[in-house]
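This report looks at one helix and at some of the strands in the structure below. Please keep the structure in view while reading.

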Amino acid sequence: MLLKNIRQTGSWLCILWIVLALCSCRNGGERVEHIEAFIVEDMMITAEGLYVPSGYKKVNSITNHEDNQGATLSRVRAIEDYYDSEGKFMKTRVYDQSHKRWKNIPNEDSSSQEKELEKPLTIHIPDDHGWKPAQLTDQQKDEIKAHVIKHTQKW
């Protein structure tokens with residue numbers, strides 16, 4: 001009877017040790033995701049090296065950042081609708097950029113994909129030029145995330 005209890009206790013301790021070992025193998029890192037919709041002034045550089053306003057752009061973006069024991073990963077997916085200073089639509093830029101920096105070896109990986117379109121695509125951005133991020137509901141964030149992923153996943 002004593003031997004049976006020792007075996008059961010040993011089995012439970014072994015299972016507990018395996019579970020703890022598996023839990024400690026997790027990345028232990030931090031993941032952050034920001035979903036945003038905003039308007040920002042667009043600038044151009046003059047021949048004299050000065051930046052002057054040339055219009056504005058409306059932006060829907062998803063920014064992901066993950067920091068774990070092995071690497072730091074960053075990814076930005078965005079849709080940017082460009083307008084001139086009179087509010088006339090000019091172009092849409094859609095891009096997906098990622099960067100991975102390894103912590104234990106001096107190595108970095110980056111990738112960038114981009115396309116231009118001829119129609120505005122951003123959503124949930126008011127037309128007023130408040131120059132601050134739109135206050136988004138959870139549903140709007142979900143819609144923006146799905147919208148941006150839809151336009152950046154087919155590369």
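In which sense do strand 2 and strand 3 pair, and over how many bridges? The model is a predicted one, and in it these two strands pair in the antiparallel sense over 13 bridges. One residue pair shows where they meet: Lys 58 has Asp 81 in strand 3 as its bridge partner. Three residues make up the hairpin connection from strand 2 to strand 3.

Strand 2 also pairs with strand 1; the two run antiparallel and are joined by 16 bridges. Here Val 32 has His 65 in strand 2 as its bridge partner. Five residues lie between strand 1 and strand 2 in their hairpin. Gly 49, in that turn, has a positive phi of about 85°.

The two pairings are set out below.

| Strands | Sense | Bridges | Residues between them |
|---|---|---|---|
| Strand 1 and strand 2 | antiparallel | 16 bridges | five residues |
| Strand 2 and strand 3 | antiparallel | 13 bridges | three residues |

Now the helix. Helix 2 covers residues 138-152, which is 15 residues. At 1.5 Å a residue helix 2 should span 21 Å, and this agrees with its end C-alpha atoms, which are 21 Å apart.

Buried residues in helix 2 are Ile 144, His 147, Val 148, His 151 and Thr 152. Viewed down the helix axis, the buried residues fall within an arc of 120°, so they line one face of helix 2. The face turned away from that buried side carries the exposed residues Asp 138, Gln 139, Asp 142 and Lys 150.

What covers the buried residues of helix 2? The cover includes strand 1 (30-45), strand 2 (51-67), strand 3 (71-84), strand 4 (89-102) and strand 5 (108-117).

Technical notes. Residues numbered from 1 in each chain as written. Predicted model: local features only at pLDDT ≥ 70, side-chain atom pairs only at ≥ 80, totals over all residues. Heavy atoms only, no water. Helix = DSSP H or I, 4+ residues; strand = E, 2+ residues; numbered from the N terminus. Expected span 1.5 Å × (residues − 1). Buried < 20%, exposed > 50% of the residue type's maximum accessible area, 1.4 Å probe, protein only. Arc of directions from axis to C-beta. Contact = heavy atoms within 4.5 Å. Pairing = 2+ DSSP bridges.
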